Amino acid sequence: MADTTDLRKGFKLVIDRQPYIVVESQFVKPGKGQAFFRTKMKNMMTGSTLERTYKSGEKLDKADTEERTMQYLYPEGDVRVFMDTTNYEQIRLSNEQLGDNVYYLLDGTEVDVMFFEGKPIGVTPPTFVELEVVSTEPGFKGDTSSNTTKPAELETGMVVNVPLFVNQGDRLKIDTRTGEYVERAKG
Amino acid sequence: MSTAPGGRGERAWFDSARVERLRERAAILREVRAFFDGRGFLEVQTPLVVPSPGLDLHLAAFEVATDAGPRWLITSPEYQMKRVVAGGVARVYQVCKTFRREELGALHEPEFTMLEWYDASEGASAETTMAQTEQLVAALARARSGEAACEVDGRRIDLRPPWPRVRVDDAYRELAGCSMWDLLPDEERFFRAMVERVQPALGAERPVFLTHWPASMASLARLSPDEPTLALRYEAFIAGIELCNGFDELTDAAEQRARLERDQHARREAGLPVYPIDARFLAALEEGLPPCSGNALGVDRLVMLLTGAACVQDVLAIPHARL
């Protein structure tokens, strides 16, 4: 059993049978009063945030989680199939569970799959991925410094804002933490 | 090399920004002493290892093994300073270390610096030490930056006296949406509302004194003669941060003994260590403590607020995490 001394950023706990990760935790104690931990948490399945104030010393239910590196194989209707290349075990996650991360999955992409009580609940893609532009307005020659952007659709269906010089067929580096364009991929 | 506070080398830890904050801290402490010396207060140093660390239900003390048996590090120098006042020194102050277990966070260190003073001059009351508090903080800010203001998270706070005085119950009615009496006697509900709703909103534009606390939360304070469910106790808050705790002191020895015995009982009931009652403190009250008011102010928090530091650890040479 864990308790409030474990309430640090990154600690994972179970509330109402759902896994949460601590985003922020602050020790507060009025001089003549009880000690509390004011805690901000994120639901690891839905992404929604929750604020809770725990009394110091309160028992917590530590989440049984595990992360495993797996390879993305292919889509199968509304789900995506991943494989652990060390033992060929396959797991399935729905597009809903994956959220925006579906846009970062290409054949063979390696991701970290999060398991909660033995069941997969989501993935963390690589921080940067390279994706090809399948359609965008033609670029303007010489315009490399402008602040203006235009939308571009990438091979996974994702639409990002890109500088005007980007063309169809370019490969782009995307930051998966923000979902934003970083630069044109070299070579 | 690790970037954790505990892992960095001294050269990296004592960077120019930290050394500058330590210089400011030293300057603030000089101003504090000048303020009290200039008003006829005597600076004293009382023992840190004592026979009773205080009986507050929510304070945990460090036990020390001594030749005289178990003793404790002070959680506040209150008992000893009141003995000095009972001895005839009407105005007395101290800057010392105090120690509280299980307290660690951006505003808490298990070992921290306290400024505590007592005023027993003619007619002194809680209003006297409140006025001294606001004058002191404004004077420190002026000495540092030329104006009586400080900045917290990019917001300017006007420190000019007088600071508003608000009754605790009025603050609860405004910020927690109910009377404090609706939450008491369940102390946990009272304090939960305090840390979630009341305290974060206090002193956002100017500091505020919360006055008239429930009698049960002020073992060493005089009760209001008109409203005996309330103690003549106050606290100052700046930007949601509790800065000090002061009161009109209880001078009645019999009443004090009864309250300390009640506190011991509460600690026993809660399964907490039951510290002794300080006999010499009670004897001093019996001999005669003149009417007086005292205040205890957290120096690390004050320096943090005045210098714009993010946490108390940033205004310390070596915080707990680097021991």
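**Helix H2 and its surroundings in chain B**

In this predicted model, the buried residues (under 20% relative accessible area with a 1.4 Å probe and protein chains only, against over 50% for exposed ones and partly exposed in between) of helix H2 of chain B are Arg18(B), Arg21(B), Glu24(B), Arg25(B), Ile28(B), Leu29(B), Val32(B), Phe35(B) and Phe36(B). They cover an arc of only 145° around the axis, taken from the directions from the helix axis to the C-beta atoms, and this puts them on the same side of H2(B). An α-helix has 3.6 residues a turn, so residues three or four places apart point the same way. On the other side of H2(B), Ser16(B), Arg23(B) and Arg30(B) are exposed.

Residues are numbered from 1 along each chain as its sequence is written, and chains are lettered from A in the order in which they are written. Local features need pLDDT of at least 70 and side-chain atom pairs count only at pLDDT 80 or more, whereas totals for chains, interfaces and linings use all residues, and side-chain values use heavy atoms, with hydrogens and water left out. Helices (H or I, at least four residues) and strands (E, at least two) are DSSP runs numbered from the N terminus.

The buried residues of H2(B) pack, with contact meaning heavy atoms within 4.5 Å, against helix H1 (10-13), strand S5 (91-99), strand S6 (111-119), helix H4 (126-145) and helix H10 (299-307) of chain B.

Strands S5 and S6 belong to an open sheet of eight strands in chain B, with the order S1-S5-S6-S13-S12-S11-S10-S9 and mixed pairing, where two strands pair if DSSP finds at least two bridges between them. Strand S1 (42-43) and strand S9 (165-167) of chain B stand at the edges, each with a single partner strand, so one side of each is left without a neighbour in the sheet. Three bridges join S9(B) to the parallel strand S10 (residues 208-214) of chain B, and Val166(B) stands opposite Leu210(B) in S10(B).

The largest nonpolar core, a set of buried Ala, Val, Leu, Ile, Met, Phe, Trp, Tyr and Cys residues joined through side-chain atoms within 4.5 Å, has 39 residues, and Phe36(B) is one of those with the most contacts inside it. Among the elements that give two or more residues to this core are H2, S5, S6, H4 and H10 of chain B. Not counting residues up to four places away in sequence, Phe36(B) touches Phe41(B), Tyr93(B), Leu115(B), Trp117(B) and Leu136(B). Apart from this core lies another, of 24 residues, among them Val44(B), Leu55(B), Tyr275(B) and Leu289(B).
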